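Student: I have a protein model open on my screen and I'm not sure where to start. Could you help me read it?

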Amino acid sequence: MTNPRRHLVRTVAVCTLALSALLIAGCHTNGPTSGGGSTGGGTASGGGGTPPPLTKKAHYVVGFSQVVSNNPWRIAETNSMKAEAAKRGDKLIFTDATDSEAKQIADVTSMVAQHVDLIFLAPKSEKPLAQAVLKAKAANIPVILLDRRVDADMAKPGADYVTFIGSDFVDQGKRVGQWLVKATGGKAKIIEMEGTAGASPAIDRKKGFDGAIAGQPGMQIIASQPADFARDKGRQVTETLLQAHPDVSVVYAHNDEMALGAISALEAAGKTPGKDVLVVSIDGEKYGLQAIADGKLNYDVQSSPFFGPVAFGALDSYAGGQKVPADIVVHDKAYDAANARQEIASSY
Ligand code: AHR
């Protein structure tokens, strides 16, 4: 059994000299920001200046605002953050927004009131949670975004918050689309199961996929609907869409949970997922890899949830006054029938 830290070292590549403590190679970065010693401050309008400074300490009190805890991906992310905080002797104030934007804004507000040193925020959606970032900045508390972005017109990395750490979601969608073009020879009737409306992985996974199949006249998205990154919603949405589109040949789900829901709906409708309807997805959770091994899921691009070491490494760099890239991009593997079974044990 591979532990999450070792898994992270294998699967995450982060570039920059300033983050040398974090290993890493081959990442995309935007403009750097420097920490500790910047003047901080800022207003709720956002878009300028530098993030609030962070004083170097032996131990920190940090907040981690998680969006929801109803699936293995989120639980793996939370466990990675808690394990890293515990290892360092830092105090982690954890909140679960139960998939509510209002609660997540309140959670961040409460962390501000508790004067935490820094807030790690995994935002539900781009626009509402940009306000929470600006609130923290106005209170002089630095924020590091994990796994999802906020609207760049409202709050900018390196100015309103320290950095974004996460996957390249456009690339994930593109990789799925490219695989599908090859696997189908450019002929497909596709149902797309979108993630939470307004969330950056839903926006970008759609964008990347659309770009990859553009120029393939034989590939058509016959229906595209949000199913909130949730298994049960994925099943319900697929059930409904199958009635209007029984001729579907591909389900593209923006995450494994929705793909697993779609697989149940396809089976209930008498179809054979993985054969007469190809199913492709993103995340690489254990159940997703098992579905590949069982022949029901065809291709799965990883989205690594193991943020703990990288997140706290970025905190250290920032507090130490080193340059921190505006974006720290996680590099993800991909799974198919050739490698899924042997990867199950190291997945989450
Ligand atoms: O933001 C990352 C995405 O959010 C994961 O792919 C998904 O499973 C989660 O809910």
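Student: Which residues in the largest nonpolar core touch the most other members?

Tutor: Happy to help, and keep in mind that this is a predicted model. Here is the general idea: in soluble globular proteins, nonpolar side chains tend to be buried together. In this case the largest nonpolar core has 51 residues, and those touching the most other members are Ile 119, Leu 121, Val 133, Ile 144, Ile 165, Ala 311 and Ala 314. Helix 10 (residues 308-319) supplies the largest share of this core, 7 residues. There is also a second, separate core of 41 residues, which includes Ile 190, Ala 230, Val 279 and Leu 297.

Student: Let me zoom in on one of them. What is Ile 144 in contact with, leaving aside its neighbours within four places in sequence?

Tutor: Ile 144 is in contact with Leu 118, Phe 120, Tyr 161, Val 162, Thr 163, Ile 165, Ala 311, Ala 314 and Leu 315.

Student: And across the protein, what percentage of the residues count as buried?

Tutor: Of its 348 residues, 53% count as buried. The protein has 11 helices and 14 strands. Take the contacts between residues at least 6 apart in sequence: 74% of these join residues at least 24 apart.

Student: Now a single residue. Is Val 237 buried or exposed?

Tutor: To decide, count C-beta neighbours inside 10 Å; 20 or more makes a residue buried. Val 237 has 24 such neighbours, so Val 237 counts as buried. You will find Val 237 in helix 7 (residues 231-244). Leaving aside neighbours within four places in sequence, Val 237 is in contact with Met 193, Gln 225 and Ala 227. Look at Pro 226 too: Val 237 and Pro 226 are 11 residues apart in sequence, and their C-alpha atoms are 8.2 Å apart in space.

Student: How do I read two helices together? At roughly how many degrees do the axes of helix 8 and helix 9 cross?

Tutor: Follow the axis of each helix and look at the angle. For helix 8 (residues 256-268) and helix 9 (residues 286-293), the axes come within 9 Å and cross at roughly 45 degrees. That angle is why helix 8 is oblique to helix 9. The crossing of helix 8 past helix 9 is left-handed.

Student: Which residues meet there, in helix 8 and helix 9?

Tutor: From helix 8 come Asp 256, Ala 259, Leu 260 and Ile 263, and they meet Tyr 287, Gly 288 and Ala 291 of helix 9. Sorted by type, the residues of this contact are 5 nonpolar, 1 polar and 1 charged.

Methods: Residues are numbered from 1 along each chain as its sequence is written. This is a predicted model: local features need pLDDT of at least 70, side-chain atom pairs count only at pLDDT 80 or more; totals for chains, interfaces and linings use all residues. Axes are lines fitted to C-alpha atoms, for helices over the stretch in contact, and angles run from 0 to 180 degrees between N-to-C directions. Helices (H or I, at least four residues) and strands (E, at least two) are DSSP runs, numbered from the N terminus. Angles under 35 degrees count as roughly parallel, over 145 as roughly antiparallel, 65 to 115 as roughly perpendicular and the rest as oblique. A crossing is left-handed if the near helix is turned anticlockwise from the far one by less than a right angle, and right-handed if clockwise. Two residues are in contact if their C-beta atoms, placed from the backbone, lie within 7 Å. Ala, Val, Leu, Ile, Met, Phe, Trp, Tyr, Cys and Pro count as nonpolar, Asp, Glu, Lys and Arg as charged, and the others, Gly among them, as polar. A nonpolar core is a set of buried Ala, Val, Leu, Ile, Met, Phe, Trp, Tyr and Cys residues joined through C-beta atoms within 7 Å. A residue is buried if 20 or more other C-beta atoms lie within 10 Å of its own, exposed if 12 or fewer, and partly exposed in between; C-beta atoms are placed from the backbone.
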